[in-house]
Amino acid sequence: MTSAPSRAPGSESAAATSRRATFAAFTGAFLEWYDFWIYGTAAALILPQVFFPEASPTVALLQSFGTFAVAFLTRPLGAIIFGHFGDKIGRKPVLLITVFLIGGGTFAMGLLPSYAVAGGLGAILLVLLRLIQGIGIGGEYGGGSLLALENAPRGKRGLAGSFHQLGTPAALLASSGIFALVEQLPQDQLLSWGWRIPFLLSGPFLALGFYIRRHLPETAAFEKDATEERSAPLLALLREQPRAVLLGIGARMTDAVTFNIINVFAVSWVTSTLGMDSAMILTGFVISSAVQLFVLPLAGRVSDRIGRRPVYLTGIAICAVGGGLLYFPILSLGNALATWAIIIVVHAFGTGLMFSIQSALFAELFGTRVRYTGLGIVYQGSALIGGGPTPAIAVFLTALAGSWWPAGAYLLLACAISALCIWRAGETFHHDLAEPAPVGAGQDVGVEQGQGAGS
């Protein structure tokens with residue numbers, strides 16, 4: 001196979017490699033989020049009875065959710081480890097490992113012995129697999145993004161990055177459909193072998209993703225980078241671009257907080273406070289994910305034309321108004337169509353406009369030799385700060401006030417932080433990812449390069 005440096009820009013070979021790299025990035029994102037949705041659903045509905053049947057229903061559910069949470073503990077570690085090697089030796093070898101850890105972990109979970117067969121051994125192995133899988137997930141986002149972005153032409157990075165992000169709604173739709181089918185089985189068959197089917201189906205997805213990545217060359221931007229010093233990318237990142245790290249984490253706060261407010265916390269709120277069935281709001285997110293399949297590539301393409309900043313700021317504004325002010329009053333109406341409409345507005349369009357271009361935007365903040373590490377820290381750091389604690393914070397605040405408005409105010413605060421960070425980061429879509437020297441975050445890249453701000 002012809003190496004990346006010898007491909008002429010714009011040649012048929014380079015274009016074909018870009019398309020295959022984008023599809024390879026999509027398969028990795030699909031695997032990552034397929035695992036997330038499959039495991040989250042199983043942890044709530046199946047695993048308490050399979051692995052913790054001796055405990056009371058409440059304790060069993062808490063134990064099951066504990067196995068779900070442990071993967072988040074090792075994600076930052078995975079971002080650091082795989083970011084280090086991805087920036088030091090290349091994106092491709094690292095991504096072959098991360099896709100195997102994610103897909104292989106999910107497949108292995110489908111083979112674990114139940115409590116009835118091996119006692120507590122199955123639960124112990126489950127936790128071990130989740131910890132290992134979390135390390136793989138922590139390294140997947142940064143490398144998967146760069147697989148698409150560093151092979152894409154400058155004017156199509158937003159579109160390429162959006163196809164990588166399409167793995168999230170596609171995985172939600174696939175996992176929801178598969179679980180809906182297996183739940184039609186009789187209860188005894190579902191608990192004995194039916195629940196394993198969604199996990200084992202990760203095997204074919206893994207084989208496809210591994211095969212595609214195995215036959216891809218190293219990314220063009222990494223091979224073109226003339227920087228010789230590749231030791232300690234994390235130290236170089238923190239020394240040279242700490243501001244870019246902080247701006248990236250702050251910029252993603254709205255996305256992380258909004259999703260956990262309108263989904264995780266809201267599901268609990270409508271059932272405990274309003275006494276409504278959670279099925280209505282969950283159905284709304286399935287519909288919204290289908291809408292996102294069209295919104296994400298459109299937003300990515302628009303950002304290639306007018307810049308990342310206006311698209312991202314529009315998403316923040318939608319989340320502020322729709323999520324912070326209108327979401328809970330509309331949920332209180334108890335009307336299915338109104339609920340689905342506001343979910344589509346806030347989730348598909350609000351978070352969708354941001355989510356679509358995050359990988360391109362964050363990649364453009366960092367130089368090539370620290371880009372993998374930078375992306376991983378921004379994504380996993382914002383998830384740890386803005387995503388993980390948000391439901392608990394929202395529950396605490398609303399309990400104190402006896403109303404939904406503190407949760408809305410918390411979301412508005414996140415929107416203000418993200419808007420300020422995006423504005424300070426400047427426009428980035430003119431930045432050439434193959435440049436060896438990083439461009440400082442907070443500067444208008446287009447103006448610095450004499451190309452105009454682009455918007």
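Here is a short back-and-forth about this predicted model and the labels its parts get.

Me: Let's start broad. How many helices and strands does the chain have?
Reply: The count is 22 helices and 0 strands. Of its 455 residues, 55% count as buried. And among contacts with a separation of 6 or more, residues 24 or more positions apart account for 83%.

Me: What makes S356 buried or exposed?
Reply: Its relative accessibility is 0%, and the cut-off for buried is under 20%, so S356 counts as buried. S356 sits in helix α18, which covers residues 336-363. Setting aside residues up to four places away in sequence, S356 touches G158, G161, S162, Q165, L296, A299 and G300.

Me: G158, G161, S162 and Q165 turn up again in helix α7, I see. What makes α7 a mostly covered helix?
Reply: Just count: α7 runs over residues 157-165, and 7 of its 9 residues are buried. Those are R157, G158, A160, G161, S162, H164 and Q165.

Me: And why are α7 and helix α8 called roughly parallel?
Reply: Their axes cross at roughly 25°. Angles under 35 degrees count as roughly parallel, so that's the label α7 and α8 get. The axes come within 5 Å, with α8 spanning residues 167-182. On the α7 side the contact is made by F163, H164 and Q165, and on the α8 side by G167, T168 and P169. Sorted by class, that contact has 2 nonpolar, 4 polar and no charged residues.

Me: Why, then, do α3 and α6 get the word oblique?
Reply: Here the axes cross at roughly 40°. That isn't under 35 degrees, and it isn't in the 65 to 115 range or over 145 either, so α3 and α6 are oblique to each other. Helix α3 covers residues 57-88, helix α6 covers residues 121-149, and their axes come within 6 Å. The crossing is right-handed. Among the residues making the contact are T67, V70 and F82 of α3, along with V127, R130 and G139 of α6. The contact divides into 11 nonpolar, 7 polar and 2 charged residues.

Me: You mentioned V127. How do you know which exposure label fits V127?
Reply: Its relative accessible area is 28%, which is neither under 20% nor over 50%, so V127 is partly exposed. V127 is found in α6. Leaving aside neighbours within four places in sequence, V127 is in contact with T67 and V70. The C-alpha atoms of V127 and V70 are 7.2 Å apart, while 57 residues separate the two along the chain.

Me: What about I342: what makes I342 buried or exposed?
Reply: I342 has 7% relative accessibility; buried means under 20%, so I342 counts as buried. Like S356, I342 has its place in α18. Not counting residues up to four places away in sequence, I342 touches G322, L326, Y327 and I330. The C-alpha atoms of I342 and G284 are separated by 8.9 Å, and along the chain the two are 58 residues apart.

Me: Y327 is one of the residues touching I342. What else does Y327 touch?
Reply: Again without residues up to four places away, the contacts of Y327 are I262, A266, I281, F285, G322, I342, I343 and V346. Y327 also belongs to the largest nonpolar core, which has 105 residues. Within that core, F51, I261, I281, Y312, Y327, F328 and F362 touch the most other members. Helix α1, residues 12-45, gives the most to this core, with 12 residues. Apart from it lies another core of 5 residues, including L31, V99, I102 and L206.

Me: One last thing. Why is helix α14 called largely enclosed by the rest of the structure?
Reply: Because 7 of its 10 residues are buried, α14 (residues 242-251) gets that description. The buried ones are A244, V245, L247, G248, I249, G250 and A251. They pack against α13 (233-240), α15 (253-272), α17 (308-331), α18, α19 (371-387) and α21 (405-425).

Note on methods
Residues are numbered from 1 along each chain as its sequence is written. This is a predicted model: local features need pLDDT of at least 70, side-chain atom pairs count only at pLDDT 80 or more; totals for chains, interfaces and linings use all residues. Side-chain values use heavy atoms; hydrogens and water are left out. Helices (H or I, at least four residues) and strands (E, at least two) are DSSP runs, numbered from the N terminus. Buried means under 20% relative accessible area, exposed over 50%, partly exposed in between (1.4 Å probe, protein chains only). Contact means heavy atoms within 4.5 Å. A nonpolar core is a set of buried Ala, Val, Leu, Ile, Met, Phe, Trp, Tyr and Cys residues joined through side-chain atoms within 4.5 Å. Axes are lines fitted to C-alpha atoms, for helices over the stretch in contact, and angles run from 0 to 180 degrees between N-to-C directions. A crossing is left-handed if the near helix is turned anticlockwise from the far one by less than a right angle, and right-handed if clockwise. Ala, Val, Leu, Ile, Met, Phe, Trp, Tyr, Cys and Pro count as nonpolar, Asp, Glu, Lys and Arg as charged, and the others, Gly among them, as polar.
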